[in-house]
Each structure stands twice: as structure tokens, then as C-alpha cells.
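Biologist: I am new to this structure and would like a close look at a single part of it. Could you take one residue, say where it sits and what surrounds it, and then place it in the wider model?

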Amino acid sequence: MTGRVDPAQTLAYVDDCLDPEARSDFETQLRLNPELRREVAQWESQNRAIRAAFGAPSRSAPDLGSASNENAVRRPDEAAHPADGGARPFGQPRNRRAPAPAPSNAKSSAAGPGLAARRVVGAVALAAAIVWIGLPTLEPRPPAALLEAGASAARALADLPVEFVAGDPAAIAQRLGPRLALAPPLTPGLRLVGARLTPGWQATATLYLYEDPRGARVSLMIEPLDEIDAAPARRSDVDGLSVAAWTGAGYGFVAAARDGANVAALVAAAGADESLAADVARRP
Amino acid sequence: MPLVREWCDDAGALRRFGLALVRDDRFVFDDVAACALIDKLFRQASLTLVDSPGADRRAARVRAFAQFVRLYRRHARRLAIDEDGGWVETPPSSRGCGSAAVGVRSLPLELREALLLVTLAGFTHREAAEALDLPLAVVVDRLLRARTRLGAHMAASRDAVAAWPQSAHLRIVK
């Protein structure tokens, strides 16, 4: 089928305005019509470019294969094969020079067995190192700098008087304004004392302060981060503070306290990571 | 808490939409004024939920964006009248922006607002038509025109970047 498709329908498909039935019909046409596929790819690329240009979170997982830095100047050989003809699959390397021919003199051939032995030893050493350190995890992790910023804020400000005194989360949120107005979680066993403004990792953040029944302070830093992927909680000990950081819904969160159980309670109340909450609770 | 979080998401979306749409600094002076405006629009829009029990959060969101669009249109009209029709929006600056941002900002207001509502704010075509107070067919037509112009701009920008090494004339200074 190569007949002309109504542009309004193509537009509705790209902007996700078709009902499921019409969408599947359109996808059938899309499979059969390369020109239509090109048009759809171009408009979808426009959507991604606009959302990226104005800082909107992506609607889908980032397509690293087709990402390009439009400020970079391409080499002439790359310019001759622009990426718009087809997205470069993730993992496929960029154009490179042809490898230099292997030297064929007597010296290199004589060094052959020694080189092979070194390669074997290197591979064994690498495998041993991986086993020793542990295989790298592909799970998303909150940025270490966010955790550091939350720990610094807790160290410097947690024991000072609060700037916004309120036991009512909605009242605090109302005072802090729309960008910072994320109501803190109500945590069993912890009393919300108030909030302070604090420098975060990249922007101004809110530091909510709680007190446990013994009067020990627990802090929760909430920083608005426009482009951040959700990541489960990650725990660390920084200078005697038990700290947990996680991200989600366009915010970065850092809970910190001297008592790990209080951090665990806060993490559990925020619903960030139940397994981590249990792990933190087990620690002294 | 979920309601507050959704409200923050909507406010962030309106803020991004405003930054992309507005090309005249006199509309909103600074960040504090922008926050106050967005806050007020969402408070007004949330009254929809109180007044009509059937309305959902989506309706309040459309209403807030529609009010923002109306305010900026009114601002543009007023300036045009004050300056005897000679007012045009400030040309977009290309400094520090990618070609997509410059391309969007160089579109006329009526094309820009339709395109940004759909692509940036995530409105459906019907919701965009409702927010812009226009028939659906007009919105679709504007979206097609906006995409055509933006595609041409981005292609020209890519060609310019690719041709840069040949077209640059560097003078040798001894």
C-alpha cells in the first residue's frame, strides 16, 4: 500500500492522539509505506528535539542511537552520510579510520607467543578483578553528588532552628511556592518540625526537618531536578551520618540522620525502596 | 501528597511552555513574577474542580494553559496597539540555543502556541483546540504548517553545520 495518507492522521499518530484501533491500522500502513515511515520519523525527531531544547522530561526511554549533538561539527565523511537517513543503532561505533595494517617484520613474528601469553594473563587478571569487585550493576543509581549535597546540608543545617515552622505539611508547601511545594511524607515515630531552604546539588532545595522521640533531628532534602530518571534509594555513611538518596517524579531526595533506623523509617514512608528500608533498619 | 506532586508537574510544564512561548521580556519580568503568575493560574483553574464535580485534573490543566495563552495574546495585542501596529515580537536569539529552540522561537505566535501545547505540554489535539479556543481542524492545520517550517529550519541548520569547514574563511595573520 503506497497510497497517500491523510497528514492529519499522521500527525495524530505522532502526537499520540489516535485510539488503539486506529493506531494499529495506521501502523499497518506504516509498515508498507517507506515514505510515510520517513515522515513519521522526522516528526518524532522534531518532538524529541523540542522537548530536549526546552528541558521537558522525555516521554520514552532515551534513544542513544539516534542522539546527536547538533552543536558539534561533523567531519566531512560523516556529513556525507547524515544520520537522518537512519538512526545509528546503539552500540554501533562511529565511523573510524581503517585500522593500520599489521606489521609483518621478523621482530613482531618473533614476539608472537610472548604477546599471546601476556594477553591470556591479562584476561585472567581482568576476570579475577571483576569477580573480586563484583559485576557492575545496570540498575539506575541516584547521582553521588546529590547524596553529597544532602549530607552537607544535613551536617550544616539540621541542628539549627528551622525557617518555616509548621507541623502541617500542606502549610509548609503553601509557603514554599509551586516549584518547591512537595509535601513531605508523614513518618510514624517522627514529628515534622519545619523546613529550611538550602543549596542542593544543582538548585535550591528544601530541607525538611523531623525529630524523633529523643529529640534527634532527621532531615529530608527535596530538590527539583527537571531531567532526572527515577532511581531507587542508595545508602551510604558520610561522617557518622546515615544517608539515603533516591530520585523520581522530577525530584531528588536525600534522607540523613545519625540513627539509621530513622532514615529507614523516612525511606519507607516515602515509598522509595522497601528493601533498602529493611536493610538500613538492620544496621546499627 | 500525590495531588501536590501532580500539581508541581503541571506547574513545571506550564513554566516550560511559557519560557518557550514568550518572546517579549516585558510580559513577565523575572522568575519570581513567573512563579506568582503560574501559581495564580493554577489556583484559579483548580476552582474548576470545586465548581463542577465532574471535571477532572486534566480540565483544570487545560484551563490554566488556556488562560496563559489568552494573557500573552492580550499582551501582544496591546503592544501592537500602543505602537500603532508596528510591534513585532523580539526576534529570537540564537545564542546558546540549539537549532530546534531557535526554530520554534522563530515561528509566528499562532503556530508556536499550537506546536508547543502538543509537543511540550503533552496536550492532545482536542485539548489544544480547547485551550486555544479554536476548531480542531484549524489546530491541525497550524500544527502541520509549524512542523513543515520547523523541519525546513532544522534541515537548513544541519546543512550549515555540515558545510562549516568549507565555508569558513580564516585569515592567516603573520
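Modeller: Let me begin with A:Val40, which is partly exposed because 19 other C-beta atoms lie within 10 Å of its own, whereas a residue counts as buried at 20 or more. This is a predicted model, and A:Val40 belongs to helix 3 of chain A, the helix that spans residues 34-53. Once its neighbours within four places in sequence are set aside, the residues in contact with A:Val40 are A:Thr10, A:Tyr13, A:Val14 and A:Leu30. A:Leu11 is 29 residues away from A:Val40 in sequence, yet the two C-alpha atoms are 8.1 Å apart in space. On that side lies helix 1 of chain A, residues 7-14, whose buried residues are A:Leu11, A:Ala12, A:Tyr13 and A:Val14; just after this helix, A:Asp16 adopts a positive phi of about 60 degrees.

For the wider model, chain B offers a pair of packed helices: helix 5 (residues 109-119) and helix 6 (residues 125-132) have axes 9 Å apart and meet at an angle of about 135 degrees, which makes helix 5 of chain B oblique to helix 6 of chain B. The crossing of these two helices of chain B is right-handed. From helix 5 of chain B, the residues B:Glu113, B:Ala114, B:Leu117 and B:Val118 meet B:His125, B:Ala128, B:Ala131 and B:Leu132 of helix 6, and by class this contact holds 6 nonpolar, 1 polar and 1 charged residues.

As for confidence, chain B has a mean pLDDT of 77, with 71% of its residues at 70 or more, while the model scores ipTM 0.77 and pTM 0.48. Where pLDDT is low, the predicted coordinates should not be read in detail.

Terms used
Residues numbered from 1 in each chain as written. Chains lettered and ligands numbered in written order. Predicted model: local features only at pLDDT ≥ 70, side-chain atom pairs only at ≥ 80, totals over all residues. Buried ≥ 20, exposed ≤ 12 C-beta atoms within 10 Å, placed from the backbone. Helix = DSSP H or I, 4+ residues; strand = E, 2+ residues; numbered from the N terminus. pLDDT = per-residue confidence, 0-100. Contact = placed C-beta atoms within 7 Å. Axes fitted to C-alpha atoms, helices over the stretch in contact; angles between N-to-C directions. Parallel < 35°, antiparallel > 145°, perpendicular 65-115°, else oblique. Left-handed = near helix turned anticlockwise from the far one by under 90°. Nonpolar A, V, L, I, M, F, W, Y, C, P; charged D, E, K, R; others polar.
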